[in-house]
Amino acid sequence: MENHTNPLFFNLTMFMDMGPYRYPAFVLCFLLYVFIIVANLVVMVVIAREKTLHEPMYIFIMCLTFNSLYGSAGFFLRFLQDLLSKTHLIPRLACLAQVYLIYTYASYELTLLGIMAYDRYVAIIQPLHYHNKLTFRMITVLVLLAWVYPAISVGLCVYLASTLPLCDNRIRKVFCATWDVVKLSCVTTGLNSVVGMFVTTTTVFLPLAFVLYTYVRIFLVCRKRGSEFRSKVIQKCLPHIVTFVNYSITVFCDISLSRINLGEINPFLAIILSLEFVVIPPLLNPLMYGLKLPEIRKLMFSFMKKA
């Protein structure tokens, strides 16, 4: 007879006993979270208040910064609590809720980056058709698609994980993750694997492939144009390229960590690599779009002077 259990709590085992150092760590992480909130809110407020920025590209940037707030809240609110706690038990329902929040955030990030790549593609390759293609109706459809599909697909994965009988409650991470819960199952997880692969393909690999395709096309066009045109393209695309490359690396790290035995690598390295996924993108996005795009940068400094 199989030993099926349904633990009421999960134990996040990657937290190290820092003793009195947990208080400085808490303060540092709290300040980091406050900076993420303030930086993303500043970009959102500048875009919302300035009518000249009510263009497709800036609307997508505002969606990206909102997603940064959403994802960082899903991680930091629990993480800060765990830093001060001597035990790191998280209720089953809270764990599944965190899985949903973090992985919808991850999917939203990629679908939004895909939409932003399409925006840059049309603006550079087909500039005369830009306003005909990216109408308010099209923007609404793209944003809704970017939010609704991941919400449903990730929800399905979380639901399937919640129905599994589990034989253990130890999760080798500092936050809850879908595959880490699935690996605790006492029964075969073929359906979870198939659905998870499909969702990963449609929310991760397809957007990444589309972004790469758009930049290959943009690169081929730039080869035939002058240096002035290329410099303008770089100025417009650099924040998106940096964000895309950074997020691709963090997603690769998270997917790799979920598939290997974390007991075989340095615990500190495992923690750093897992934190990249939920910390660096929300931190980098407002810096790249707030400081690199001159239209937003000028207005940010203007608002700061008035304040």
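This short talk covers how confident the model is, one small sheet, and the packing of two helices.

Please keep in mind that what we are looking at is a predicted model. The mean pLDDT of the chain is 86, and 92% of its residues reach 70 or more. Confidence is highest in helix α5, at 94, and lowest in helix α10, residues 294–306, where the mean is 63. Where pLDDT is low, the predicted coordinates should not be read in detail.

Let me turn to the sheet, which is open, has three strands in the order β2-β1-β3, and shows mixed pairing. Strands β2 (89–91) and β3 (170–171) stand at the edges with a single partner strand each, so one side of each is left without a neighbour in the sheet. Strand β1, residues 9–12, pairs with β2 in the antiparallel sense over three bridges, and N11 has L89 in β2 as its bridge partner.

Across β1, β2 and β3 lies helix α3, which runs at about 85° to β2.

How, then, do α3 and α5 pack? Helix α3, residues 92–125, and helix α5, residues 136–162, pack at an angle of about 150°, and their axes are 8 Å apart. Since angles over 145 degrees count as roughly antiparallel, α3 is therefore roughly antiparallel to α5. The crossing of these two helices, α3 and α5, is right-handed. On the α3 side the contact includes R92, Y100, Y108 and Y118, while on the α5 side W147, P150 and G155 are among the residues involved. By class, the contact of α3 with α5 has 16 nonpolar, five polar and one charged residues.

How values were computed:
Residues are numbered from 1 along each chain as its sequence is written. This is a predicted model: local features need pLDDT of at least 70, side-chain atom pairs count only at pLDDT 80 or more; totals for chains, interfaces and linings use all residues. Side-chain values use heavy atoms; hydrogens and water are left out. Axes are lines fitted to C-alpha atoms, for helices over the stretch in contact, and angles run from 0 to 180 degrees between N-to-C directions. Helices (H or I, at least four residues) and strands (E, at least two) are DSSP runs, numbered from the N terminus. Angles under 35 degrees count as roughly parallel, over 145 as roughly antiparallel, 65 to 115 as roughly perpendicular and the rest as oblique. A crossing is left-handed if the near helix is turned anticlockwise from the far one by less than a right angle, and right-handed if clockwise. Contact means heavy atoms within 4.5 Å. Ala, Val, Leu, Ile, Met, Phe, Trp, Tyr, Cys and Pro count as nonpolar, Asp, Glu, Lys and Arg as charged, and the others, Gly among them, as polar. pLDDT is the predictor's confidence in each residue, from 0 to 100. Two strands pair if DSSP finds at least two bridges between them.
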